[in-house]
Amino acid sequence: AKEQNVIDKIELLTISNLLKYLSDNIELFKGKRLFINTIPNCFITDDEYEELFAKYGNVFDRLIIEITEGSQITPGSIELMRNRYSSKHALFALDDYGTGYANESTLLSIQPDFIKIDRSIVSNIENDTQKRHLVANMINFAKSHGIKTLSEGIETKGELETVITL
């Protein structure tokens, strides 16, 4: 999509399709929120955003804007996302925390409501002291700053039990 210069269009389609689905099925999401991956430096225009909000503004408070790790996040992109979505009661998550650009610096600049610990860190965690120590530190930091933690890709009972313990 990036090579063909259509990534902004895909971002718009993804967000608008999700908002339509959420709006059309609002009863399914009563008391629940829905995560949506977004590309941090890929923007829908102000006009497109306003059109989406006019059409689906009643469901923005159900969104958790999930910032992907694939590219470096600029202060301007963070400010724009916060201005657009926080005022509408959407929450933020940092996806694949611990890999790529989803690191401590990004965590401090975004100040998300959730961090999603990357699968590569959780994989085989029950047999790896360093991974357990790293995840324990992530969880302790998050707790002390009011951030909820999620672990991606838990596939074994050992991983599940270890993460729950931490």
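**Close-up views of a predicted model**

**View 1. A five-strand open sheet.** The 5 strands of this open sheet run in the order 1-2-3-4-5 and pair in parallel. Strand 1 (34–38) and strand 5 (148–151) are the edge strands, each pairing on one side only. On average, neighbouring strands here are turned by 25° against each other, direction ignored. This is a predicted model, where local features need pLDDT of at least 70 and side-chain atom pairs count only at pLDDT 80 or more, while totals for chains, interfaces and linings use all residues. Residues are numbered from 1 along each chain as its sequence is written, and side-chain values use heavy atoms, with hydrogens and water left out. Helices (H or I, at least four residues) and strands (E, at least two) are DSSP runs, numbered from the N terminus; two strands pair if DSSP finds at least two bridges between them.

**View 2. Strands 3 and 4, with helix 6 across them.** Strand 3 and strand 4 (residues 114–117) pair in the parallel sense over 3 bridges. Look for Tyr97, which stands opposite Ile117 in strand 4. Helix 6 lies across strand 3, strand 4 and strand 5, and runs at about 175° to strand 4. Axes are lines fitted to C-alpha atoms (for helices, over the stretch in contact), with angles from 0 to 180 degrees between N-to-C directions.

**View 3. The largest nonpolar core.** This core has 37 residues, and Leu19, Phe60, Leu63, Ile65, Tyr85, Ile115 and Ile117 touch the most other members. A nonpolar core is a set of buried Ala, Val, Leu, Ile, Met, Phe, Trp, Tyr and Cys residues joined through side-chain atoms within 4.5 Å. Setting aside neighbours within four places in sequence, Leu19 is in contact (heavy atoms within 4.5 Å) with Leu52, Tyr56, Val59, Phe60 and Leu63.

**View 4. Glu159, tucked into helix 7.** Glu159 is found in helix 7 (residues 157–165), and counts as buried because its relative accessibility is 3%. Buried means under 20% relative accessible area, exposed over 50%, and partly exposed in between (1.4 Å probe, protein chains only). Beyond neighbours within four places in sequence, the contacts of Glu159 include Arg119, Asn124, Glu126 and Gly153.

**View 5. Two loop residues with positive phi.** His89 has a positive phi of about 70° although it is not a glycine. His89 sits in the loop between helix 3 (75–85) and strand 3 (91–97), and is exposed, at 57% relative accessible area. Asn124, also not a glycine, has a positive phi near 65°. The loop holding Asn124 links helix 5 (119–122) and helix 6 (129–144); Asn124 is partly exposed, at 36%.
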